[in-house]
Structure formats: C-alpha cells, structure tokens
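Visitor: Please take me through one part of this model slowly, strand by strand. After that, I would welcome a short tour of a few other places.

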Amino acid sequence: MTARTAPFKRVAIVHYWLVGMRGGERVLERLLHLYPQADIFTHVYDPAAVSQVIRERVVKTSFIDQLPGARRHYQKYLPLMPLALEQLDLRGYDLVISSESGPAKGVIAAPDALHLCYCHSPMRYLWDHYHEYLETAGWASRTVMPVLFSRLRQWDVTSAARVDAFVANSSFIQQRIQRAWRRDSTVVHPSVAVSEFSVSRDVGPGYLWVSQLRPYKRAALAIEAFNRLGLPLTVVGDGPQASELARLAKPNITFRARLSYAELKNAYANCRALVFTPEEDFGIVPVEANASGRPVIAFGRGGVTDSIIPRETGIFFDEQTPDALCAAVEDFERWLPDFDPQRAVANAARFAPERFDEGFRAAVASAAGF
C-alpha cells in the first residue's frame, strides 16, 4: 500500500454472518460508529436477529443467503463461502475492514484499497478446535471433513496474504494469527460498555457463571466443582446442554436460562465472584464482572489473561478440572479480604469503547501511512 494523504471516502465492512448479537456483532456496531458511511457485506443476514444499529445500515449478502435454510444452517455451507466471498463486488471502496471469525477476510479488494482485518479468531473449526468438531460430527461429515478442511486451510492461509494489516482482539489471538497465517498483528481489545455497570453494597454469598450451555464453555466443570464445594452457584445461560447439566447439579446450584439486561447487571453486582471456565478468544463477561466491582475466578488461558490482573481483580486456575477449580475457590476465599472493588472497576475501564476507537484508528492510520 502507498501512503494516503486523505480520509477514506467509501468503506466496506465484511462480517462473516449476521444471525445474532454476540461479541463480534458488538464490535461491528462500534466499527459502524467509527465509520457511519460504511456498507456491510455478509454471507447471511437475519434482520430480526440483530440490533437496530445494524438494521439501519446498507447490508449486502453473498449468494449463501439465497440457499435453502441458510439462516439456520449457514455453517453447512462453509465449503462455498470462499467462492461467495470472492464474488462480492468491492470496487469503489477504498477501505475494506474484514471482521474475521468465520470466513470474511477472503474478499478481493480493489488494488488501491486498504484491507485491514479485525480478527476475533482464525476459524476455530479449521485450526485449534478441528479435532473436537470432527469427534462430534455425524458419520457423513466425518468422512468428508479431512479432505475438505485440508483444502479450506490452504485457502485460509492464501487469503491471509490479501490483507494489508491484521488487528487481533487479544494477545492470545495475536499468537494464533502468527501460528496459523505467519502474520504480525496489532492488539486492539473489543469495546465493553463498562459505564453501564455499577458497584453494589449488597453482595451475596452466591457465585455466578454466565455463558451459553455448550461443551466448550465448560459449564459442567463449574457444576462438578460446586457440587463438591456445596457453595451456592447460579448458572445463567441456555443451550443444548441445559437439561443434561440440570440433571448433574445438586440443590445448591440454580439455573436461569435468560436474564434481562437489568437483571444481568444486578447478578454481576451482587455475586461473590464470577466463575469463568472456558478458554475464550477475549471474553467480555469477565470485564463486565470487574466493571460491576466483582472479582473473577478464571481458567488462566486465552483472552482473560489480558483482561484480569491476578490477585488484584481475580484468581486464575491452571487446569480445566474440578480439582483445580475447587482449589482456586478455596484460594479465592483466603484472598477475598484483600480485594478492592474500585481496582476492578478501574481495570475494566481499560476496555471502554473510547479505548477501542483510539486503538482502531491508530491501527488504520499506521497501515495507511497517515
């Protein structure tokens, strides 16, 4: 890329799919705040499943959106997504931002455009979690996955060369970008609405776990540990493991499938601590707990190592086992008198939306040669 001397006139944001509101979509909202003139490109779009901020923008879809059942079964069309991305017409856009977790970065930008990729994660099913997906797939999928995914990995690495600069959402993802694509990147953490959370004086005895009830979130780990400890734990979330986990839990564990935003903020503020068991790319939930003045007991790998300060805003455990989590809870109880809620709030402020804006603008300016 040659150095630019003028602001970008036309901006395209390529997001993998728009079928819900999770961390990636919250980042997309912030990118739309930074670039109000941007158009959105995506594989599949369900307007009813996204925020008004996104619905108000121009959204253009790839041909995947027209395929049968695409809004519910979009991942089954993964083999077609490289072709679909390359069919998107980005002529006339001088800044292309790909938001990568599913296939997004493989678009073909104009020769004189700047293509910057904000990477939530290299595709997990191709890389780190491939064997987990293979193990749980049906027999037909297991038959074709080895050959098909090998070719997709080749495309994934090749398409990384089309990107002018990478931005990672955490140090953990920065390492994965280097390992998968052999590319350097800048870390800009996702924005978290930290100012919307507040500290409560009414802290209860119960611990809190918040996420989807899916195997990789490791809710079963928390349930097994708290079954042993006998301490109160509230599990907030829903998913395919819900009934299985409810059968596993003893009476000291309660389940809430869904909470309103106000109820969730109260749950954070009133819990003794948040228990965080998965290895996440970044993990917004621990930051929200700190913003509420509460400490975190977390598996000490992944993005949480960027967001939680050991023995200041939380406690880490080293293995995803009930023994390790039980030991961490006992260690936490000894450390808790030294915990200062205001330190947790100050730590969470590092992830305020304004910090994301500053970091992303700086990354674009650096890549463009401003």
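Guide: Let me start with the vocabulary: helices (H or I, at least four residues) and strands (E, at least two) are DSSP runs, numbered from the N terminus. This is a predicted model, in which local features need pLDDT of at least 70 and side-chain atom pairs count only at pLDDT 80 or more, while totals for chains, interfaces and linings use all residues. Residues are numbered from 1 along each chain as its sequence is written, and side-chain values use heavy atoms, with hydrogens and water left out.

With that in hand, let's settle on strand β12, residues 296-299. In a regular strand the side chains alternate between the two faces of the sheet. Here Val 296 and Ala 298 point one way, Ile 297 and Phe 299 point the other way, and all are buried (buried means under 20% relative accessible area, exposed over 50%, partly exposed in between, with a 1.4 Å probe and protein chains only).

Now for the neighbours of β12. Two strands pair if DSSP finds at least two bridges between them. Strand β11 (residues 274-276) pairs with β12 in the parallel sense over 3 bridges, and Leu 274 has Val 296 as its bridge partner in β12. From β11 the chain passes through helix α11 (residues 284-291) to reach β12, a right-handed β-α-β crossover; right-handed means that, with the strands pointing away from the viewer, the path from the first strand over the helix to the second runs clockwise. Strand β13 (residues 314-317) is also parallel to β12, joined by 4 bridges, and Phe 317 in β13 is the bridge partner of Phe 299.

Next, two loop residues for your backbone-angle checks. Arg 182 has a positive phi near 55° without being a glycine; this residue sits in the loop between α7 (171-181) and β7 (186-187) and is exposed, at 59% relative accessible area. Arg 218, also not a glycine, has a positive phi of about 60°. The loop between β8 (207-210) and α8 (219-229) holds Arg 218, which is partly exposed at 33%.

Last comes helix α1 (residues 23-34). Its 12 residues reach 17 Å from first C-alpha to last, close to the 16 Å expected, where the expected span is 1.5 Å times one less than the number of residues. Helix α1 is mostly covered, with 9 of its 12 residues buried, including Val 27, Leu 28 and Leu 31. By contact (heavy atoms within 4.5 Å), the cover over these buried residues includes β1 (11-15), β4 (95-100) and α15 (353-368).
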